[in-house]
Amino acid sequence: MNLDIIHIIYLFASVTFILGLKMLSNPKTARNGNILAAVGMIAAIFGTIFFHEGEVSNVIYGLIFGGIGLGTVVGWLTAKRVQMTKMPELVSLFNGMGGACAALIGLVEFHHNLDNPTNIAIILAGMIIGSVSFSGSIIAWAKLNGTLKNAIRLPKYNILNTLILIGLFVYSAYIVWSGTYSEAHLYGLFTAAILYGILFVIPIGGADMPVVISLLNSFTGLAAAFGGFLYGNQVMLTGGILVGSAGTLLTLVMCEAMNRPLFNVIFGAFGDGDTAQAAGGVSQGTIKEVGPSDLAVQMNYSNKILIVPGYGLAVAQAQHVIKELEQLLEDRGVEVAYAIHPVAGRMPGHMNVLLAESNVDYDKLKEMEDVNPEFSQTDLVLVVGANDVVNPAAKTDSTSPIYGMPILEVENAKHVVVNKRSMNAGYAGIQNELFFRDKTNMLFGDAKKVLTELVNELKALD
Amino acid sequence: MNEIIEFFTQHKDMIFIVVLMVFVGVEVIGKVPAVLHTPLMSGANAIHGVVVVGAIIVMLNSEPTNYIAMGLGFIAVFLGTLNVVGGFVVTDRMLEMFKKKK
């Protein structure tokens, strides 16, 4: 009887996952979709505990509820307290935790299935994928929050990584077929998988991290699905495969938005020695600076201003100041809107979330295809902490590493003002000729500080 | 060859689920606007936290004297819950911001 009820609960949970994901892809229903999936998850978790057949000691119940309780408190507080700018790395961190969970399940279950080669194969597969996802996510997290600054590349890292990957396959196949199910092999494989996760992510540049996180996200889904296969547990299977396939598609969609094939993200890298040199030779000219007071006057007399936000805005926490600027300008009859590149920030949609936080009107956030024809009728474009997404080299310079990436065509506007902290190259590590154009003025400084000065200057104009 | 057919027959229900779910996953997020990529990834991230169910099963099946299994299982339950709760809450926070307008 108990076992029958659990199947109904699992079916319910699977349906909530599918509907939840479906609703998450529409702005109107997204929030409810998330809550729906959460309800299904709670049902699946508690159903598993309460409808379990067989004797279970109180110590174990204590430990299960202890683990859930602790995880809930820590997870809840972390998620509630994190600054919105830090979200991408948090998603990566949570993803890593899921991967670690899958890996640990494999480590424990290995000993219980020594007589069943099929199960051993499933366990090893889940354990390897989980471990790769875990260590890879931790590296991605460290890269996004700045702990790990640069892409670290061992010599011949592509060949090395491929060899390790093949090694992992061969080693696990050997363990399964030879029937040598020893601790030493299990932990050897575990260590190798962790190492592969690190080496897999570490050479990839920060600009590609969203794609990597999305990919690792689908890995963890796959690891969960292997767990489902092992236990004949439908909800783990449906949830895991659903995320595995949706995550893979999402990864490809993101790659498409950046015009970077997945293969290049993983095996090629931005800012190699060669490309950096090639880009360094282009467009060294003079730059012109503008101060907040002059810019305030110029903005005051503009009819239409477009703001292009980038990661620099997020880092400087300038989303509230920029809203204030928008308000002031609109009070003076200036038309203001935001031009959002699909991959502005560190994750697609990152800028939308950030600007929504500071109450910017949803209608004012314009997507790239819609806004590109508008630049030619725009008096002034204010680029705040964005670089690669406005680099004209993507259209003109076939040697540029970002050649072919769709960009915001800000160079068509009458005037361009770029706020950056310094002349350092952007995330892709390449120079931007836009900064040297005649119509471009540079506004150096921390986005929040400079924009606050700009707002004060505007107020003083009355 | 026989082994493959045997494997398929033994696990046919699950293999059906896997294959159909692959298509569902692709269909479900077919036309997602770029704005929602981050929340969608974060929501999917929370859903694969279902792996915690496996960790709970490990615990339920473990002998109360097997301290290593219990220790690892406890950590697995903790980490899995962290993935689920953190994932859903952070997604909700992102989406809350979209809703606030007007």
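**Entry 1: the largest cavity**

I began with the lining of the largest cavity, which by class has nine nonpolar and three polar residues and no charged ones. I note here that the model I am reading is a predicted one. The space inside this cavity comes to about 80 Å³. I then looked up which residues line it, and found A:Ala102, A:Ile105, A:Gly106, A:Ile122, A:Ile123, A:Gly126, A:Met127, A:Ala223, A:Phe226, A:Gly227 and A:Leu230, together with B:Val51 from chain B. Going by elements, α4 (87-109), α5 (117-144) and α8 (209-231) of chain A each supply at least two residues of this lining.

**Entry 2: the second largest cavity**

How many cavities of 30 Å³ or more does the structure hold? I found three, and turned next to the second largest, where about 70 Å³ of space lies. From chain A its lining takes A:Ile340, A:His341, A:Pro342, A:Gly349, A:Asn352, A:Glu367 and A:Met368, while from chain B it takes B:Ala34 and B:Val35. Sorted by class, these lining residues are five nonpolar, three polar and one charged.

**Entry 3: the second largest pocket**

I moved on from cavities to pockets, and read a volume of about 1,100 Å³ for the second largest pocket. Of the 33 residues that line this pocket, I noted the ones closest to its centre, which are A:Ala121, A:Ala125, A:Phe169, A:Ser172 and A:Phe226. A:Phe226 was already in my notes, since A:Phe226 also lines the largest cavity. In chain A, the elements giving two or more residues to the pocket lining are α5, α6 (157-178), α7 (183-201), α8 and α10 (262-267), and they are joined by α1 (2-10) of chain B. Which element gives the most to this lining? I found that α6(A) does, with eleven residues. By class, the lining of the second largest pocket divides into 25 nonpolar residues, six polar ones and two charged ones.

**Entry 4: a pair of strands in chain A**

Last, I looked up strand β6 of chain A, which covers residues 440-444, and asked how many of its five residues are buried. The count is four, and I therefore noted the strand as mostly covered, with buried taken as under 20% relative accessible area. Strand β5 (residues 415-420) of chain A runs parallel to β6(A), and five bridges join the two. For one residue I also looked up the partner, and found that A:Val417 has A:Asn441 in β6(A) as its bridge partner. As a general reminder to myself, side chains in a regular strand alternate between the two faces of the sheet.

Methods. Residues are numbered from 1 along each chain as its sequence is written. Chains are lettered from A and ligands numbered from 1 in the order in which they are written. Side-chain values use heavy atoms; hydrogens and water are left out. On a 1 Å grid over the protein atoms alone, a cavity is a set of points where a 1.4 Å probe fits but cannot get out, and a pocket is an open set with protein on both sides within 12 Å along at least five of seven lines; lining residues have an atom within 4 Å of a point. Grid points are joined across faces, edges and corners, and a volume is the space filled by probe spheres set on the points. Ala, Val, Leu, Ile, Met, Phe, Trp, Tyr, Cys and Pro count as nonpolar, Asp, Glu, Lys and Arg as charged, and the others, Gly among them, as polar. Buried means under 20% relative accessible area, exposed over 50%, partly exposed in between (1.4 Å probe, protein chains only). Two strands pair if DSSP finds at least two bridges between them.
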